[in-house]
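I'm opening a fresh page for a structure I haven't looked at before. I'll jot things down as I look them up.

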Amino acid sequence: MGEKALLVDKMIEEIKGGKYKPHDKLPSENELADQHKVPRMVVRKAYERLQELGYIFSKQGKGSFVQNHKLQIPLILTGDVSFTEKMQEMGFHFETKNILCEPIEYDASIFHSLKASRHDIVFKIGRLRIVDGCPIAVHVSYVKKTVFQDIDQTGKSITSMFQYYKSKGYEGFGPMKTQLSVVFPNEVERNLLKCSSLIPLLFLESGCMDRKSGTVLEHSKIYYRSDCFTYVI
């Protein structure tokens, strides 16, 4: 077994054994090289492999840190309670960051789901979900401007779409056709979720409508880090 593989195994053993806790900063490449009497390049390759395996993450100019593997959040994919409310009920330290609000070009499947015409303006609102400091999911909601006329002004401040809908007088939410699949993250998703390309994402594509009026409220795409959840379907 090579020096890199031995060092990777040793670091995994120490992380699992509790020597390094979630979010702890790991020794620098030079420090670890001196400690294990190996070239710095071996340490660099070992850290790269640990990041690929999802054990650590790096911060530009700050070093390498232990990934939080203790998160096992029950992911309930049914019901009409918002993701925010679910996390709060479970007692997690939870926050949401709005990461985008912009109009999209015509997309046949999204426009069809929203019952939008080709000339309608559709906005996408993106939110990053963070639990105990660990980014765990990206939620993207697509909405029609004819239904939500202020979305271009208010969209950048929305962290809970359900709360936004309630502020517009919609109270009862019904799910639409839902599709589940497993995908691997692209570069944007890896950067947002601080995960490697080897960690699969659970991809949920669905929609939401107002039960009373039948108005389609949104088409949604949600990417969940598979290593942070247990699944309740």
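These entries go from the whole chain to the helices, then to single residues.

**Entry 1: the whole chain**

I note first that this is a predicted model. I counted along the protein chain and got eight helices and 11 strands. I also wanted the outer dimensions: the C-alpha atoms fill a box of roughly 70 × 35 × 30 Å, taken along the principal axes. Of the 233 residues in the chain, 45% are buried. Then I checked how far along the sequence the contacts reach. Taking contacts between residues at least 6 apart in sequence, I find that 60% join residues at least 24 apart.

**Entry 2: H1 against H3**

I started on the helix pairs with a reminder to myself: two packed helices are described by the angle between their axes and the distance between the axes. For H1 (residues 3–16) and H3 (residues 40–52), the axes come within 9 Å and cross at roughly 55 degrees. That angle lies outside the ranges for parallel, antiparallel and perpendicular, so I put the two helices down as oblique to each other. The crossing of H1 past H3 is right-handed.

Which residues of H1 and H3 make the contact? From H1 I listed Glu3, Lys4, Leu7, Val8, Met11 and Ile12, and from H3 Val42, Val43, Lys45, Ala46, Tyr47, Arg49 and Leu50. Sorted by type, the residues of this contact are nine nonpolar, no polar and four charged.

**Entry 3: H2 against H3**

Next I took H2, which covers 29–36. Its axis is 8 Å from that of H3, and the two pack at an angle of about 115 degrees. I therefore wrote down H2 as roughly perpendicular to H3. H2 also passes H3 in a right-handed crossing.

On the H2 side of the contact I found Glu29, Asn30, Leu32 and Ala33, and they meet Arg40, Val43, Arg44 and Tyr47 in H3. I sorted this contact too: four nonpolar, one polar and three charged residues.

**Entry 4: the cores**

I went looking for nonpolar cores. The largest has 18 residues, and those with the most contacts inside it are Leu7, Met11, Leu26, Val43, Tyr47, Leu50 and Ile56. The elements giving two or more residues to this core are H1, H2 and H3. Apart from this core lies another, of 17 residues, among them Ile110, Ala116, Val140 and Tyr223.

I picked Met11 for a closer look. What does it touch, not counting residues up to four places away in sequence? My list reads Tyr20, Leu26, Leu32, Tyr47 and Leu50.

**Entry 5: Phe57**

I found Phe57 in strand S1 (residues 56–59). Is it buried or exposed? Its relative accessible area is 6%, and buried means under 20%, so I count Phe57 as buried. Leaving aside neighbours within four places in sequence, I see Phe57 in contact with His23, Gln51, Gly63, Ser64, Phe65, Val66, Gln67 and Lys194. I also checked Phe57 against Phe123: they are 66 residues apart in sequence and 32 Å apart in space, C-alpha to C-alpha.

**Entry 6: two lysines with positive phi**

Background for this entry: most residues other than glycine have a negative phi. Lys194, already on my contact list for Phe57, has a positive phi near 50 degrees. I traced Lys194 to the loop between helix H8 (187–193) and strand S9 (201–210). With a relative accessible area of 38%, Lys194 is partly exposed.

Lys37 has a positive phi as well, near 55 degrees. I located Lys37 in the loop between H2 and H3. At 71% relative accessibility, Lys37 counts as exposed.

**Entry 7: two aspartates in loops**

Asp132 sits in the loop between strand S5 (122–131) and strand S6 (134–144). I have Asp132 as partly exposed, with a relative accessible area of 35%. Along the chain, Asp132 and Asn68 are 64 residues apart, and their C-alpha atoms are separated by 8.6 Å.

Asp227 is in the loop between strand S10 (216–225) and strand S11 (229–232). Its relative accessible area is 18%, so I count Asp227 as buried. I looked up its distance to Gln67, which was on my Phe57 list: the C-alpha atoms of Asp227 and Gln67 are separated by 11 Å, with their positions 160 residues apart along the chain.

Conventions:
Residues numbered from 1 in each chain as written. Predicted model: local features only at pLDDT ≥ 70, side-chain atom pairs only at ≥ 80, totals over all residues. Heavy atoms only, no water. Axes fitted to C-alpha atoms, helices over the stretch in contact; angles between N-to-C directions. Helix = DSSP H or I, 4+ residues; strand = E, 2+ residues; numbered from the N terminus. Parallel < 35°, antiparallel > 145°, perpendicular 65-115°, else oblique. Left-handed = near helix turned anticlockwise from the far one by under 90°. Contact = heavy atoms within 4.5 Å. Nonpolar A, V, L, I, M, F, W, Y, C, P; charged D, E, K, R; others polar. Core = buried A, V, L, I, M, F, W, Y, C linked by side-chain atoms within 4.5 Å. Buried < 20%, exposed > 50% of the residue type's maximum accessible area, 1.4 Å probe, protein only.
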